[in-house]
Structure formats: structure tokens, C-alpha cells
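Got your viewer open? Load the model, switch to cartoon, and let's take a walk through it.

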Amino acid sequence: MANLVYKRVSTDQQSTARQNLVLDEAGIEDPVVFEEDPGTSSRLHPLQRPKFGELLAYARPGDTVHISEMFRLVRGTGHILDVLDALHRDQVALRIHDGAFSAMDLTARHPRTGELLSTVKFMVQTLAAAGELQRDLQRELTYDGLRAAEAKGSKGGRRPAVATDKTDTVRTAYMEGRSIAALARDHGVSRGAIRTAVADLMPDHNGIAQEGTPALELPVTLDMPGKVADFLRAADLEPAERAALDQGVTVRRGQGVPAVPAQRKARREYENRVTGLRNPA
């Protein structure tokens, strides 16, 4: 006798993590898993779904079908009764491990007529109707909430990404020291959208450029003590090194802190390291 596990999610943004947890806790021995493609709608009749059809073709008398909760398999009363009839025809048991149906023996039949017990049919119809009511109420509340938000000027869905014609402006501002949070406020997008637009400019970017694509040249800022800078100015440097050094800004102690956030952070880190060397624990 085989244990047949059926899984389904309604959209391709969902995962079977919760179903896996419930089924793993059930301790099913040697499960044979049938999982529908992501996004298989619950509106599609279970007997018309590809993987459930494969499950029924694979099943043999005495096997048991396991699902985490009833509504992963069926949507309404008609679906439930059709599935129960198909399982009864093939002499296959059904085991539900979570939800209102988990405490019921949905395969119970009258010993003489073989028909589904009236009490089971009544409970199935009642619970299925309650589930449909819950989904309808949730859908109505969601719709009302969206209408209320639109009335206040708010739009649902994801915040827009950075417009193509604004990308260069965002990248330039970021390289000049503008923070991601400030850029998100300026352009009315999420911080994630800004990070996407400047991903290759961020310090922790470790992406590999495609072969034949020239590497993007970025400005380099080197923080160093003033005495080191003075020594380098007197040294014999290459023209490019001399130009880079001449473009730097000398900040002496007591002359203030750099205005660019990245420079302020670098200066704080340098000061902390020097203080740590001077005052070892």
C-alpha cells in the first residue's frame, strides 16, 4: 500500500513550504509525491488537473492520498463529492492532515448501499460552504480596502522602478554621495528600486562582467593621513598617480568633517582604527 502525497499552489509566487511542514510532521512513510505546476488554479476541477490525474492512474486499491489541507485539492462542494466518488471507485483512502476536515473520515460509506454516509455528506457540504464564504468575504474586504486606498490617492501594487530616463541621474547622484534613502524619496520609488539601479556601483557588488564587455571605470577615493599625502607629493610619481593625488582634498585635524556620507564613514573608521592602535586593550 503506497502513500501518495498531493501538493498544489494557486500562483507562481507561492511556495509549498507550509504544506511541506504539515506533511513532514505527519511522518508519512515512503511518500510518492505528485505536485502540480506552480500557478495551477483551484478553479480547475481536480479531476482535470495533470498531476492529480497522474496520481489516480498510479493509485492501486488500498493506497492512501495525503494532502496538507482540503482546499489544496478541492475548491467547493461539487469538487469534494466528485473526488470522493473517484477515490471510492478506485478503493483509495484520503487523509487530510490540517484544517477542519482533518478530524473526519471522509471515505466512510454505508455498509450495504456503499453510498457516502449522510452525516459525512452534510459535514462536507457545510464546511465547504463555510470555506467558500470565507474566501468571498476576504475578496470583498480586499476590494473595499483597495477602493478606500485609491480614494486617498494611494495606489496598490508594487512601487514603480526607476524610470529609464532617470537612471543616469540616480547613478550620478549616488556616485556623488547621495544616500539610497534620499534618492528613493526624491524619485518616489522604493529603496530596492534604487539599489537595483546602482547595483554595480555599490561597494559589495561582486558581479562578473560578460566576456567582451568593457569594465565600468569608477572614481576611486583613497583616505590617508595628511603626512602620508605630503610625503607622496614629494615623491617621484607617475603622471596618473600625480593627477589623482592633486585632485584630492586635504582635511587637517580640526578643519571639519567631509560633507559626503561615504567620506564621513571612511574617516570615522580610520579614526577608530588609529585610536585602537594608540590605546590597545
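In what order do the four strands of the open sheet run, and is the pairing parallel or antiparallel? Colour the strands and read across: the order is 2-1-3-4, with parallel pairing. Keep in mind that this is a predicted model.

Next, pick out strand 2 (31-35) and strand 4 (93-96). These two stand at the edges with a single partner strand each, so one side of each has no neighbour in the sheet. Look along the sheet for its twist: neighbouring strands are turned by 25 degrees against each other on average, direction ignored.

Zoom in on strand 3 (residues 64-67), which runs parallel to strand 4 and is joined to it by four bridges. Show I67 here, and you'll find I96 of strand 4 opposite.

Now select helix 3, residues 77-89. Its 13 residues should span 18 Å at 1.5 Å a residue, and the end C-alpha atoms are indeed 18 Å apart. Highlight H79, I80, V83, L84, A86 and L87, the buried residues of this helix. Sight down the axis: they fall within an arc of 160 degrees, so they line one face of the helix. Just after the helix comes Q91, with a positive phi near 60 degrees.

Time for the interior. The largest nonpolar core has 21 residues, of which L55, M70 and L94 touch the most other members. Helix 3 is the biggest contributor, giving four residues. Centre on L55: beyond its neighbours within four places in sequence, L55 contacts L4, V5, Y6, F34 and V65.

Last stop: another core of 14 residues lies apart from that one, and V162, A173, A184 and L201 are among its members.

Key:
Residues numbered from 1 in each chain as written. Predicted model: local features only at pLDDT ≥ 70, side-chain atom pairs only at ≥ 80, totals over all residues. Heavy atoms only, no water. Expected span 1.5 Å × (residues − 1). Buried < 20%, exposed > 50% of the residue type's maximum accessible area, 1.4 Å probe, protein only. Arc of directions from axis to C-beta. Pairing = 2+ DSSP bridges. Axes fitted to C-alpha atoms, helices over the stretch in contact; angles between N-to-C directions. Core = buried A, V, L, I, M, F, W, Y, C linked by side-chain atoms within 4.5 Å. Contact = heavy atoms within 4.5 Å.
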